[in-house]
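Visitor: I am new to this structure. Please pick a single part and go through it closely, with the terms explained as they come up.

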Amino acid sequence: MDAEAPAVATVEFDSPLQRTALAQLDDIAARLRLDAEIHERLRYPRRALVVSVPIRRDDGRTQVFIGFRVHHSTVLGPTKGGLRYAPDVTLGEVSALAMLMTWKCALMGLPYGGAKGGVRCNPRELSPNELEHLTRRYTAEIMLLIGPDLDIPAPDLGTDERVMAWMMDTYSMTQGRTVPGVVTGKPLIIGGSVGRREATGRGLVYVLEQALHMLGRELRGQRIVVQGFGNVGAVTARLLWRQGCLVVGVGDLSGAIYHPLGLDIAKVERHAAEAGGVAGFPGAEAVGAAELLELPCDVLIPAAVAGQITEANAHRIRAALVLEGANGPTTPEADAILAERGVTVVPDILANAGGVVVSYFEWVQGLQYYFWRESEITTRLQEIMTRAFNRVWSTARAHGCTLRTAALMEAVRRVAEGYRVRGLYP
């Protein structure tokens with residue numbers, strides 16, 4: 001039985017990103033001639049929790065923040081997904097990101113469904129003491145939804161390994177034992193994995209190498225622009241710079257910089273650490289945030305936040321290849337424009353999946369209490385990323401579609417098959 005569903009989110013989960021995710025799912029369901037009942041189930045998260053997170057600020061007053069945790073699908077295993085602290089976090093955004101995580105995990109062949117969490121706050125305005133209180137109270141409030149065989153959070157926008165350590169400790173205190181498998185992205189000393197911090201950036205490089213190979217181009221000498229100079233963007237820029245690429249532009253919240261002959265990324269990183277951002281780097285030209293995306297380059301890597309390449313600026317993108325380091329940086333309207341112009345877009349669920357792959361490795365190591373060497377981590381990561389890219393590339397060529405469509409077809413097909421064989425309870 002086949003049917004088309006409208007790309008409209010229910011009021012509880014509505015957001016621009018959720019509408020985009022649903023539109024993508026509906027298109028793929030039509031292409032796959034997906035069973036209408038399975039299609040309907042995939043359009044909704046399995047469960048969603050909204051919590052209030054009261055903390056005592058350093059000045060003695062009590063402030064309440066709103067937090068979320070959403071599980072999209074558990075058909076292939078426990079859920080996996082990041083935790084973000086940001087001022088614009090909403091239930092709709094978190095729900096969409098949970099759906100995208102389902103596709104990402106399925107595409108990589110991981111035994112996970114997708115989840116996502118967030119707290120609506122500005123972490124830059126909170127002291128370390130307040131961040132710890134926020135994290136521990138949020139963890140206590142979502143306790144019934146997390147666990148090493150239920151849902152495994154990881155760091156995302158505005159969070160880091162320190163936040164994961166607090167989450168693990170809070171959960172472990174309620175269990176009376178240390179439970180390293182409850183989160184990933186932890187410090188090494190308490191069960192983290194070598195290579196986890198660089199995993200997303202390293203995975204982006206592996207995928208870029210494969211994409212350029214398929215396009216008949218060499219990695220060395222490529223002109224790169226990276227939007228976002230946090231963990232993902234900075235690591236990617238550094239790895240590409242070391243491999244002989246010309247990183248001509250980078251940007252973060254402080255501003256953006258450009259040099260047509262390439263930036264010394266090691267020096268940019270030192271400057272950013274000392275100055276709090278890349279702005280003001282000596283010898284580079286200051287450019288606007290919007291201008292950064294439109295700089296002449298071979299490869300554009302949006303590694304900041306969602307919705308950066310839109311219908312308004314897609315015509316001015318001068319890169320031949322867009323490698324999505326962030327989740328949802330390209331809107332559907334922009335996607336269509338870029339495809340029409342012949343720009344290759346390597347989608348987020350493929351390009352930036354290195355983080356969740358190594359999170360999976362960390363989870364496995366934590367369950368076994370046996371830890372791998374970094375060479376094992378990077379070899380296995382490269383194998384998984386390369387295999388996934390080649391499968392997506394073959395599907396795109398076989399169906400005459402974009403890489404995003406091909407990646408979603410591969411992922412949705414796998415999740416749908418899980419629903420088919422498991423059936424519907426009761």
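Guide: What follows is a close look at strand β3 and the elements around it. The model is predicted, so local features are used only where pLDDT is at least 70 and side-chain atom pairs only at pLDDT 80 or more, whereas totals for chains, interfaces and linings use all residues. Residues are numbered from 1 along each chain as its sequence is written, and side-chain values use heavy atoms, with hydrogens and water left out.

Strand β3 covers residues 79-86. Helices and strands here are DSSP runs numbered from the N terminus, a helix being H or I with at least four residues and a strand being E with at least two. Eight of the eight residues of β3 are buried, so the strand is largely enclosed by the rest of the structure. Buried means under 20% relative accessible area, exposed means over 50%, and partly exposed lies in between, for a 1.4 Å probe and protein chains only.

Two strands run parallel to β3. One is β4 (residues 113-120), joined to β3 by six bridges; the other is β5 (residues 151-155), joined to β3 by five. Two strands count as paired if DSSP finds at least two bridges between them. In general, strands of a sheet pair through backbone hydrogen bonds, either parallel or antiparallel. On the β4 side, T79 has G113 as its bridge partner, and on the β5 side, K80 is partnered by I152.

The path from β3 to β4 passes over helix α3 (residues 91-108), and the three make a right-handed β-α-β unit. Right-handed means that, with the strands pointing away from the viewer, the path from the first strand over the helix to the second runs clockwise.

Helix α5 (residues 161-175) is linked to this region by its packing: β3, β5 and α4 (128-141) are among the elements that cover its buried residues. Those buried residues are V163, M164, A165, W166, M167, M168, T170, Y171 and S172. The helix has 15 residues and reaches 21 Å from its first C-alpha to its last, close to the 21 Å expected. The expected span is 1.5 Å times one less than the number of residues. At the start of α5, a side-chain oxygen of D160 comes within 3.1 Å of the backbone nitrogen of R162. Just after the helix, G176 has a positive phi of about 75°.

One more residue belongs in this picture. H71 lies in strand β2 (residues 62-71), and at 0% relative accessibility H71 counts as buried. Leaving out residues up to four places away in sequence, H71 touches P45, R46, R47, T79, G114, A115, L145 and D151. Touching, or contact, means heavy atoms within 4.5 Å.

The side chain of H71 also has polar partners. A polar contact is a pair of N or O atoms within 3.5 Å; within protein, one must be able to donate a hydrogen and the other to accept it, and residues adjacent in sequence count only if both atoms are side-chain atoms. Such a contact, of 2.9 Å, joins the side chains of H71 and D151. A polar atom of the H71 side chain also lies 3.4 Å from the backbone oxygen of L145.
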